[in-house]
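Colleague: Could you open the model and take me through it, starting wherever you like?

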Amino acid sequence: ALIVIGGWLLVRSHRERRIEGWLRAGQAGLATRLIGERRLDVIGSRGLTFLTHYLGAPVGTLHVVEDDDRLRRIAGYADVSGPSSATEETISFRDGLVGQVAKDNRTLVVSQLPDGYLPIHSSLGRGKPRELLVAPASVDGELHAVIEIGFLRPVEDVDRDLIARVSEQIAVAVRSERERERVQRLLEQTQRQAEELQAQQEELRVSKEELEEQGSALKESNARLENQQAELEQTNTQLEEQTHILERQKDALTQAQTVLNDKTLELARSNQYKSEFLANMSHELRTTLNSTLNLPKPR
């Protein structure tokens, strides 16, 4: 009995070491496939290809979590049931097995698969998986992706253990790529803002130069206006002086006109007196002459 128990313990220990080695080899192999990769589709394709080969699974898919709590399929292995249109590329957390696993954030094994679910297709025929393993890929309690793999055999505990270990690696790779994309977007945004700021600074510099030129022109214009105003004030002063002179001349002319009118009236009266005097003298002379002419002639 002791020999049997010891042998069983030895076999179990050997089996556990072999399984642990197989699990570690799977982790190392996946890490090797993901090293240096950046694009999400490449990460998904390489990671899914390695897992299906390593697990001996014929079909699989990989979905990543989007910002609006939806899942987007980024990779598929031997999957001919992909999205038929752009509107079907994403699914909600409440849709289907993948959405339910994302919502619950726990692994799900399904034995009775409906017809047409993850069909297996080759030139020799068609079929469907016997069992399905759907597992979340989380890190630090945050879901980043969902792994879906179809098997032609029953899912074993070792399959679950491997997916549980490598799912965090996939989650870290997806998170790192998302962070890199976010940083890249921020850098591009910062660069665009820097370019816009530089363009605005250039516009401000040009505007400043134009304002300085306008300021110089305005100063020159103000100087000319001041000169013109001074000249205008001087001209106004001269005009006022000339106006005073003209007013004095007008007053003198008015006085002269008045004197002239008085002299004209006086001259008119004098002429009238002369005319009356001459008329009287002429009448008297005519009377005297007539009297003289009418005297009798001496005999």
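**A walk through the model**

Modeller: Let me start with Phe277, which is exposed, with a relative accessible area of 51%. Please keep in mind that this is a predicted model.

Colleague: What is the place of Phe277?

Modeller: Phe277 sits in helix H4, and H4 itself covers residues 157-293.

Colleague: And which residues make the nonpolar surface patch?

Modeller: Phe277 makes that patch together with Leu278, Met281 and Leu285, and the patch has an area of about 420 Å². Phe277 can be counted in such a patch because its relative accessible area of 51% is over the 30% that patch residues must have.

Colleague: Let me step back to the whole chain. How many helices and strands does the chain have?

Modeller: There are 4 helices and 8 strands, and along the sequence they come in the pattern α-α-β-β-β-α-β-β-β-β-β-α.

Colleague: What share of the 299 residues is buried?

Modeller: Buried residues account for 24% of the 299 residues in the chain.

Colleague: Now pockets. What volume does the largest pocket have?

Modeller: The largest pocket has a volume of about 330 Å³. It is lined by 14 residues, and those closest to the centre are Val65, Asp67, Glu142, His144 and Arg178.

Colleague: Which elements give two or more residues to the lining?

Modeller: Those elements are strand E8, residues 142-151, and helix H4. H4 gives the most to the lining, with 6 residues.

Colleague: And how does the lining of the largest pocket divide by class?

Modeller: By class, 10 of the lining residues are charged, 3 are nonpolar and 1 is polar.

Colleague: Since charges have come up, how many salt bridges does the count come to?

Modeller: The count comes to 11 salt bridges. In one of them the side chains of Arg165 and Glu20 meet, with 2.9 Å from N to O. This pair links distant parts of the chain, since Arg165 belongs to helix H4 and Glu20 to helix H1, residues 2-34, with their positions 145 residues apart in the sequence.

Colleague: Why does that pair count as a salt bridge?

Modeller: A side-chain nitrogen of Arg within 4 Å of a carboxyl oxygen of Glu is enough, and the N to O distance for Arg165 and Glu20 is 2.9 Å, so the pair falls within the 4 Å cut-off. As a general point, side chains of opposite charge can pair when their charged atoms come close.

Colleague: Are Arg165 and Glu20 buried or exposed?

Modeller: Arg165 is partly exposed, with a relative accessible area of 29%, and Glu20 is partly exposed too, with 26%. Arg165 and Glu20 are also linked with Arg24 in a network of salt bridges.

Colleague: What about Arg39 and Asp41, what meets there?

Modeller: The side chains of Arg39 and Asp41 meet in a salt bridge, at 2.4 Å from N to O. Arg39 counts as exposed, with 52% relative accessibility, whereas Asp41 is partly exposed at 31%.

Colleague: And Asp159, is that one buried or exposed?

Modeller: Asp159 counts as buried, with 2% relative accessibility. Its side chain meets that of Arg153 in a salt bridge of 2.7 Å, N to O, and Arg153 counts as partly exposed at 26%.

Colleague: Changing topic to the backbone, what phi does Asn105 have?

Modeller: Asn105 has a positive phi of about 55°, although it is not a glycine. I point this out because most residues other than glycine have a negative phi. Asn105 lies in the loop between helix H3, residues 96-104, and strand E4, residues 108-110, and it is partly exposed at 32%.

Colleague: Where does Asp140 lie?

Modeller: Asp140 lies in the loop between strand E7, residues 131-139, and E8. Asp140 likewise has a positive phi of about 55° without being a glycine, and with 70% relative accessibility it counts as exposed.

Colleague: Last one: how does Glu131 count at 13% relative accessibility?

Modeller: Glu131, in strand E7, counts as buried at 13% relative accessibility, because buried means under 20%. The C-alpha atoms of Glu131 and Val110 are separated by 5.6 Å, although the two are 21 residues apart along the chain.

Terms used
Residues are numbered from 1 along each chain as its sequence is written. This is a predicted model: local features need pLDDT of at least 70, side-chain atom pairs count only at pLDDT 80 or more; totals for chains, interfaces and linings use all residues. Side-chain values use heavy atoms; hydrogens and water are left out. On a 1 Å grid over the protein atoms alone, a cavity is a set of points where a 1.4 Å probe fits but cannot get out, and a pocket is an open set with protein on both sides within 12 Å along at least five of seven lines; lining residues have an atom within 4 Å of a point. Grid points are joined across faces, edges and corners, and a volume is the space filled by probe spheres set on the points. Ala, Val, Leu, Ile, Met, Phe, Trp, Tyr, Cys and Pro count as nonpolar, Asp, Glu, Lys and Arg as charged, and the others, Gly among them, as polar. Patches are made of residues with over 30% relative accessible area and no salt bridge: like charges are joined within 9 Å, nonpolar side chains (Val, Leu, Ile, Met, Phe, Trp, Tyr) within 5 Å. Accessible areas come from the Shrake-Rupley method with a 1.4 Å probe; for residues, only the protein chains shown count as cover. Buried means under 20% relative accessible area, exposed over 50%, partly exposed in between (1.4 Å probe, protein chains only).
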